[in-house]
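Q: Please take a close look at one part of this model, the second largest pocket, and describe what surrounds it and how it sits within the chain as a whole.

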Amino acid sequence: MLQELKEGRANCVIVKDLSRLGRDYIETGKYIEKVFPSMGVRFIAINDHVDSLRKDQADEIIIPFKNLINDSYCRELSNKLRNQFRIQRQNGEFIANFAFYGYMRSPEDKHQLIIDEAAAEIVKLIFAKKIEGYSLDKIAMYLNQYGVPSPCEYKKKNGSNYVCAFKERSQSLWGAASVRRILTNRIYLGYLEQGKMSSPNYKIKKLKAKDEEDWVIVKDAHEAIITEDCFQVVQKLLSRDTQTVPGRDTVYPLSGMFFCGDCHESMTRYKSKRRDKYFQYYICSGNKHKRGCASNHSIDVDKMHEKVLNAIKLQISMVVEMEELRKMYGNQAIINIKVKRIDELLEQNRIEVNKQQEFRMKLYENKVDGIITHEEYLSMKQRYTDKIASLQKIISELEQERTEILDSSELNCSWMQKFIENRNVTELDRQLVVTLIDKIEIFEDKSIEITFNFKDEFLLMREYLLKASEDQERAKEVRHA
Ligand SMILES: [Zn+2]
């Protein structure tokens, strides 16, 4: 049995009683306390009501062995400390032994992070450079060139006992890895993510990475340095490989934005010379690498730029128009529509939950009547139960959204400003493109489809405004009648 566990062919041990595991209590205790947790094996003793997965029982397992284990005091202390850490984490208090670059511990409360203005400026600069189209390497070079101390150097200068993971040089410089760590860290959104690693219990020092769902993430734990929108744009850019313009530090304005509409591969930029003139064009990389598309979907770069610029201008003018309508109808009218819409969705979901619950009940009758087998009953019952749980999750999210809208009594449409502030745009630049555009798809017939950022917000706002105009029309009719 141990062999199978070691080879990972089994991950759960079930015994009738604890005594079945071994005659020797000390030896048995060793497996339950050390061996199984370190291998991630679940242990169940049916008659003793022991299940290692149930956290509230973790101590009960120990009871039969308690007087045999002389280090129980040590364990209790360890548990107490772990619980204390957990409580602090859930409160959003900072417990790691060094602050993250951009933040420092509050002098009044060492568990609270506050912004370190000097470093925070550098964090903002790094995000801005990425959006401008700089690669990770170029950002690192830029920072080193201007003598900006790297996070490790900065800590050293500030007399912190921070231990740097990359100490290959006596003076550590910025590198692509340290820039990436900053660009991907959600701490800058005001989130505190802790408890990513844990040791199964106090006897095992080895740390194990925990599943993301077990992390303790606290939002609004401290002041954010970067906005959510900006962070999301950067994550998208990091996931797309982009070519930099030869001889320059930045990428082409539309780099990483083009995708083949037919095979969904990225489009790559190429240059060719015809009659002493250079032509630049994009082609489907799926076709280039002999997978997916049969044709190369080749499209001229300059023509593309013009089309994209026109599309951006059109989109901006629509948002400007929406903004005027929004002001005309007033925020309150739109908030009312929003709440009404959520109420409708809530109603629909509640009806659906009732329906699923009825199905689940009928299922039992079907089983009793012998229409379905016991196995079919169990698997279908599980499916209905899952469905009901996911509907209930949607309902509670909608309820929360509803409360938030009513509590704030303000309309968050900061996304509209991003379009409006570019209303006089005359040429494409990287910042404009990545702020407003999600992706551009090119189809075989050379038609293009541009997906703008905030597409959902745009469609919703349009819906609200249409509804507001309908309501107003109706009010007028009533008055006339
Ligand atoms: Zn393709």
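A: A pocket here is an open set of grid points where a 1.4 Å probe fits, with protein on both sides within 12 Å along at least five of seven lines. In this predicted model, the second largest pocket has a volume of about 970 Å³. Its lining consists of 24 residues, and those that lie nearest the centre of the pocket are Lys-338, Asn-412, Cys-413, Trp-415 and Glu-457. Sorted by class, the lining of this pocket has ten nonpolar residues and nine charged ones, together with five that are polar.

As for where the lining comes from, at least two residues are supplied by each of the helices α8 (228-239), α11 (331-368), α12 (374-408), α13 (414-420) and α15 (455-480). In terms of domains, domain 2 (103-239) and domain 3 (253-481) each contribute at least three residues to the lining of the second largest pocket.

The chain around this pocket has 481 residues, of which 37% are buried, and its secondary structure comes to 15 helices and 15 strands. Among the contacts in the chain with a separation of 6 or more, 63% join residues that are 24 or more positions apart. The accessible surface of the chain comes to about 29,600 Å², and carbon and sulfur atoms account for 50% of that area.

Terms used. Residues numbered from 1 in each chain as written. Predicted model: local features only at pLDDT ≥ 70, side-chain atom pairs only at ≥ 80, totals over all residues. Heavy atoms only, no water. 1 Å grid on protein atoms, 1.4 Å probe; cavity = no way out; pocket = protein on both sides within 12 Å on 5 of 7 lines; lining within 4 Å. Points joined across faces, edges and corners; volume = space filled by probe spheres on them. Helix = DSSP H or I, 4+ residues; strand = E, 2+ residues; numbered from the N terminus. Nonpolar A, V, L, I, M, F, W, Y, C, P; charged D, E, K, R; others polar. Domains from an automatic or database assignment. Buried < 20%, exposed > 50% of the residue type's maximum accessible area, 1.4 Å probe, protein only. Contact = heavy atoms within 4.5 Å. Areas by Shrake-Rupley, 256 points an atom, 1.4 Å probe, with all protein chains shown as cover.
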